[in-house]
Amino acid sequence: MRPALLGPLHRTTPLSEHWGRDRGTPIDRYYIEQFLAAHREAIRGGVLEVLNADYTERFGTGVDRSDVLDIDPANERATLVADLAAADAIPGESFDCFILTQTLQYVYDLHAALTHAHRILRPGGSLLCTVPTTSRIGRGELDSEYWRLTAAACERIFGEAFAGGEVDVRARGNVLTGIAFLVGMAAEELSRRELEFDDPFFPLLVTVVARRAG
């Protein structure tokens, strides 16, 4: 059998140390931004986002209040400082939308985090969430990055937290986008056809829309 020719991918270190950001758009962000654009009608009223309000500002429609959640009190953009898994200080039914992208892998107690995410949404409010299935571990996060979640895991854990509401789960990506993302290529280095082919056996990430019962 002839060996597969990997060319520039035949390496033990990535092309980029920054998820491909120095080469263009990180491949996971291609899917995340496409997901948020498709659900921009849910990003309205009172909106909560983690770390900063960038996606609220880019994709929001009819936002009348924007808050930022972070566990780090040094984040000057944070208006709410709390651990999502212990967020009792955030009043219930405070937000119409919660944008929670690529965050749950850092939260050990997923059930508690999603219980609070559900609690702080108003009836009919939406959680727009993405989680990695295939990803490197960030520098400095070797001891604080816990999870990689499949679509099946998301169906169960979000379904339990949002019982009585609506949960829509979708796996995005394929073997090529997974390899390209791990090695640090950018979305611009792949074709739209390559990016848009979703193979459930090789997901890069999972998107979740979870709506609290109205």
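Welcome! A search of the whole structure, which is a predicted model, turns up 15 salt bridges. Let us work through some of them, then turn to a pair of helices.

**Exercise 1.** Find which residue forms a salt bridge with E17, and state where the two partners lie.

*Solution.* Start with the partner: E17 pairs with R136, and their closest N and O atoms are 3.2 Å apart. Next, place them: E17 sits in the segment before α1 (27-38), while R136 belongs to the loop between β5 (121-132) and α4. The two are 119 residues apart, so this pair links distant parts of the chain.

**Exercise 2.** Decide whether E17 and R136 are buried, partly exposed or exposed.

*Solution.* Buried means under 20% relative accessible area, and exposed means over 50%. E17 has 32%, so E17 is partly exposed. R136 has 16% and is therefore buried.

**Exercise 3.** Work out which strands are tied together by the salt bridge between R211 and E166.

*Solution.* The closest N and O atoms of R211 and E166 are 3.8 Å apart. R211 lies in strand β7 (residues 205-211) and E166 in strand β6 (residues 166-172), so the bridge ties together parts 45 residues apart in sequence. R211 is partly exposed at 25%, whereas E166 is exposed at 52%.

**Exercise 4.** Describe how helices α3 and α4 are arranged.

*Solution.* The axes of α3 (residues 110-120) and α4 (residues 151-161) come within 9 Å and cross at roughly 50 degrees. The helices are therefore oblique to each other. Their crossing is right-handed. Finally, list the contact: L110, H111, L114 and H118 of α3 meet I157, F158, E160 and A161 of α4. These residues divide into 5 nonpolar, 2 polar and 1 charged.

How values were computed: Residues numbered from 1 in each chain as written. Predicted model: local features only at pLDDT ≥ 70, side-chain atom pairs only at ≥ 80, totals over all residues. Heavy atoms only, no water. Axes fitted to C-alpha atoms, helices over the stretch in contact; angles between N-to-C directions. Helix = DSSP H or I, 4+ residues; strand = E, 2+ residues; numbered from the N terminus. Parallel < 35°, antiparallel > 145°, perpendicular 65-115°, else oblique. Left-handed = near helix turned anticlockwise from the far one by under 90°. Contact = heavy atoms within 4.5 Å. Nonpolar A, V, L, I, M, F, W, Y, C, P; charged D, E, K, R; others polar. Salt bridge = Lys/Arg side-chain N within 4 Å of Asp/Glu carboxyl O. Buried < 20%, exposed > 50% of the residue type's maximum accessible area, 1.4 Å probe, protein only.
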